[in-house]
Amino acid sequence: GPILIFDKSTLQSLSIDESVWLENYFLNNIVPLFYVETLADLSLGNGHDGRKIEVIIKELADKTPINGSAPNVHHQRLIVGSLLGKSVEMKGRIIVAGGLGKITPDGKVGIHYDTPPEVQAMNRWQKGEFTELEREFARDWRQALSSLSFDALIALVKNIVPQGTKFSSPADVKRFLDDFVKGDYAQFIHFALEVLSIPEKGRPDIVKRWSETRPMPFNEFAPYAAYVLKVDLFFYLCMMLGFESKDRPSHKIDLAYLYYLPFCHAFVSNDKLHARIAPLFMEQGQMFIKGDDLKSGFKQIDEHFSKLPDDVKDRGVMAFATYPPKGIETAVHQAWDKFCSAWKKHSKEREENNTGLPSDPELLKHLNEVKEK
């Protein structure tokens, strides 16, 4: 299925039954920010409904897709790699760390990934288990968020706008930045490193590479770093121009989801900031989906398959719901049409040949055999 990024609010809006279809119909790129936001709620005490926050996080962890999902490498690591000349693929695929070659029982070669620490943490949260270190992190993160100030960076960034330049909309700002990141003058790298918050100890090697490759436009020198730089500059300029409020520090956190757009096909959110800005940065043809539309689609799909006989449903959704159901049209279908365009043909061939995937237990047995080799 299409590769999807969701924000925390989207997952919160889904029921347990609806979250099953999120796992079934999408390859989910679970960005580091999702784990951070979820964990940071530990410092809140109780939720808006009066329930203990540990209970709320456990419910969220229960709905988080595990199978067919993977945590993306942190954007800061990718930025530094990009600045040092490492290739960061920006073609809608998840960037996963590690991987070890394995041989299956039938002699085929596959890649096995150990369970990432993020997934291990999510498994603990599903049991309501939280470490003291996680609780301390949550307190520190909330405190840091409340003290965020953008004045210094706005003062720095405003100098990149030529005198007399007018912006009538955020789209104008984005177009200006598309050209700006093509800069190749000597001091450009120092400005970029400051905005991107690259640690001082890591800067000399980057500056050395910049001086050795000049003249080269920054967006060619470090494509992914240039993309993130555009996102950050966009945020600061929009605040300076009054398109976005400086009184909402959490907006900077929300905007960080956009750092991962190059690693997905679709981004789903109910956040108004995301709805306004994300489409401007979907430079690889990605799709923005409103969270309510996805939830509605999952509800229709759940109602459709709930009518199947129990003996069919007992085989597991991988066996009877390989493709979106026919006869209805949802945001899920739209995403599959755009990014998996041959799915209807394959669905028809499967029906005609009466073939299908193994049941969930059969597939799990096969995967475990791969791990043991």
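In this predicted model, the charged end of K174 sits over the ring of F281, at 5.3 Å from the ring centre. There is a second case of this kind: R209 lies over the face of F221, and here the distance to the ring centre is 4.0 Å.

F221 also turns up among the aromatic pairs. Ring pairs join it to a cluster whose other members are F167, F176, F180, Y185, F188, F191, W210 and F218. Across the structure, the count of aromatic pairs comes to 30. Take F150 and F235 as one example: their ring centres are 5.3 Å apart and their planes meet at 85°, so this pair is edge-to-face. F150 belongs to the loop between α7 (132–146) and α8 (151–157), while F235 is part of helix α13 (residues 223–241), so the pair ties together parts of the chain that sit 85 residues apart in sequence. As for accessibility, F150 comes out at 7%, which makes it buried, and F235 is buried too, at 2%.

Helix α13 shows up again around α5 (75–83). The buried residues of α5 are H75, L78, I79, G81, S82 and L83. What lies over them? The cover includes α13 along with α10 (188–195), α11 (203–213) and α12 (218–221). Some of the spacing in that buried set fits a simple rule of helix geometry. With 3.6 residues to a turn in an α-helix, residues three or four places apart point the same way. Just past the end of α5, G85 takes a positive phi of about 95°.

On the other side of α5 in sequence comes N72, which is found in the loop between β3 (69–71) and α5. Although it is a loop residue, N72 counts as buried, with a relative accessibility of 2%. Which residues does N72 touch, once its neighbours within four places in sequence are set aside? It is in contact with N29, I30 and P32, with L78, with I94 and I95, and with Y260 and F263. One of these, L78, is itself a buried residue of α5.

V332, in helix α19 (residues 331–339), has a relative accessibility of 0% and so counts as buried. Its contacts, again leaving out neighbours within four places in sequence, are Y25, F26, L294, F298, I301 and P324. V332 and G1 are 331 residues apart along the chain, yet their C-alpha atoms are separated by 9.6 Å.

What about cysteines? A disulfide would be a covalent bond between the sulfur atoms of two of them. A search of the whole structure turns up zero disulfides. Two of the cysteines can be placed by their accessibility: C238 is buried, with a relative accessible area of 1%, and C264 is buried as well, at 1%.

Finally, a couple of backbone details deserve a look. Most peptide bonds are trans, and most residues other than glycine have a negative phi. The bond from R214 to P215 is cis, with omega near -5°, and P215 is found in the loop between α11 and α12. S197 is not a glycine, but it has a positive phi of about 60°. This serine lies in the loop between α10 and α11. Is S197 buried or exposed? With a relative accessible area of 52%, S197 is exposed.

Note on methods: Residues are numbered from 1 along each chain as its sequence is written. This is a predicted model: local features need pLDDT of at least 70, side-chain atom pairs count only at pLDDT 80 or more; totals for chains, interfaces and linings use all residues. Side-chain values use heavy atoms; hydrogens and water are left out. Rings of Phe, Tyr and Trp (its six-membered ring) pair if their centres lie within 6.5 Å; planes under 30 degrees apart count as stacked, over 60 as edge-to-face and the rest as tilted. Helices (H or I, at least four residues) and strands (E, at least two) are DSSP runs, numbered from the N terminus. Buried means under 20% relative accessible area, exposed over 50%, partly exposed in between (1.4 Å probe, protein chains only). A charge sits over a ring if NZ of Lys or CZ of Arg is within 6 Å of the ring centre and within 35 degrees of the ring normal. Contact means heavy atoms within 4.5 Å. A disulfide is a pair of cysteine sulfur atoms within 2.5 Å.
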